[in-house]
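Subject: Structure for you to look at

Hello,

Here is the structure I said I would pass on. Please open it beside this message and follow along.

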Amino acid sequence: MTLGGRVFLFVFLLYFLPKVLFANVSDIAGICPTMKIAGSVTQTELLQELTHDCRYDKMARPPGQINSSDPIKVYTRVYIYILRSNMAKTLQFGVNMMLQFRYVDRRLEFSDIAPNLTQIYGGKVAHDLIWTPSVYVANERSSAVVGNSVKDLLISINPSGMVVLNTRMEAILNCGLRLEKFPFDVQECPLAFESCRMLFLLF
């Protein structure tokens, strides 16, 4: 073997041998490790096990109730606790609201693996681990989620995989006025929600 071949072989072994020796068996075999749930498991540990990379993809929406390709139902509640209006000058109004989304993600079921736990509670850390619906206000001029503390963002998951997401939002909304019947007109300013999905473009 030439000197160049020996150097190449040495570099090859130096780079790949540690990866093979210290790699996880599940990574080599392409299988997912079984969940190791102890009797005194914490909510955080359980959620981390449920959302392990090999068994949970947060970019993929949960499967439907009958078929995996069926649409997922997201039940939504809106509670408006502040309403500001400056219609005469800007044709806009502002709202502060509490949003609640409720849906089932069967990938997060834990009734069989952790029967002693009745609920998982979390904030932003839990939010970053799971799939959440992409909902926005269609007639907004601007909007923002208010804060990241427990009072602003709360997630609960029950043993059957029912996820309840509570968050606060502040938005400025457009409202077009129809003045054909002025001064006997009645104006309606909508609050329209829509859902979007991510599109991946391959170049």
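Below is what was found in it, going from the whole chain to single residues.

Overall picture

Please keep in mind that this is a predicted model. The average pLDDT is 76, and 72% of the residues score at least 70. Two stretches stay under 50. One is residues 7-14, for which the model has three contacts beyond four places in sequence. The other is residues 16-29, where seven such contacts are found.

The protein has 203 residues, and 25% of them are buried. Its exposed area is about 14500 Å², of which carbon and sulfur atoms supply 60%. There are five helices and eight strands. Read from the N terminus, their order is α-α-α-β-α-β-β-α-β-β-β-β-β. If you take the contacts with a separation of 6 or more, 71% of them are between residues 24 or more positions apart.

Strands

Start with strand β7, which covers residues 162-174 and pairs with strand β2, residues 92-104. The two run antiparallel and are joined by 13 bridges. To find the pairing on screen, look for V95, which stands opposite A171 in β7.

Strand β7 also pairs with strand β6, residues 153-157. These two are antiparallel as well, with five bridges between them. Here S156 stands opposite V164 in β7. What do β6 and β7 form together? They form a hairpin, with four residues between the strands. G161 sits in the turn and has a positive phi of about 90°.

A nonpolar patch on the surface

Strand β1 spans residues 75-85 and contains L83. Is L83 buried or exposed? L83 has a relative accessible area of 60%, and exposed means over 50%, so L83 counts as exposed. On the surface, L83 forms a nonpolar patch with V78 and I80. Together the three residues have about 260 Å² of accessible area.

Salt bridges

Side chains of opposite charge can pair when their charged atoms come close. How many salt bridges does the count come to? The count comes to four. Three of these are described here, among them the pair R107 and D105.

In that pair, the closest N and O atoms are 3.0 Å apart. The two partners differ in how they are covered: R107 is partly exposed at 22% relative accessibility, whereas D105 is buried at 0%. The cut-off for buried is under 20%, so R107 at 22% falls outside that class.

The side chains of D128 and K124 meet in another salt bridge, at 3.1 Å from N to O. Both residues are in helix α5, and because they are four residues apart, about one helical turn separates them. D128 is partly exposed, with a relative accessibility of 37%. K124 is also partly exposed, with a relative accessible area of 37%.

R55 forms a salt bridge with E49, and there the closest N and O atoms are 3.8 Å apart. R55 has a relative accessible area of 25%, so it is partly exposed. E49 is likewise partly exposed, with a relative accessible area of 25%.

Two buried threonines in loops

T51 lies in the loop between α3, residues 43-50, and β1. Its relative accessible area is 8%, which means that T51 is buried. Which residues does T51 touch, not counting those up to four places away in sequence? The residues are Y56, L108, L129 and I130.

T132 is also in a loop, this one between α5 (124-129) and β4 (135-137). At 17% relative accessibility, T132 is under the 20% cut-off and therefore counts as buried. Leaving out residues up to four places away in sequence, T132 touches Y103, H127 and L165. Two of these contacts lead back to the strands described above: Y103 falls within the range of β2, and L165 within the range of β7.

A way through the model

If you want an order for looking, go to β7 and its two partners, β2 and β6. Then turn to the patch around L83, and after that to the salt bridges, including the one between R107 and D105. Finish with the loops that hold T51 and T132.

Regards

Terms used. Residues are numbered from 1 along each chain as its sequence is written. This is a predicted model: local features need pLDDT of at least 70, side-chain atom pairs count only at pLDDT 80 or more; totals for chains, interfaces and linings use all residues. Side-chain values use heavy atoms; hydrogens and water are left out. Patches are made of residues with over 30% relative accessible area and no salt bridge: like charges are joined within 9 Å, nonpolar side chains (Val, Leu, Ile, Met, Phe, Trp, Tyr) within 5 Å. Accessible areas come from the Shrake-Rupley method with a 1.4 Å probe; for residues, only the protein chains shown count as cover. Buried means under 20% relative accessible area, exposed over 50%, partly exposed in between (1.4 Å probe, protein chains only). pLDDT is the predictor's confidence in each residue, from 0 to 100. Contact means heavy atoms within 4.5 Å. Two strands pair if DSSP finds at least two bridges between them.
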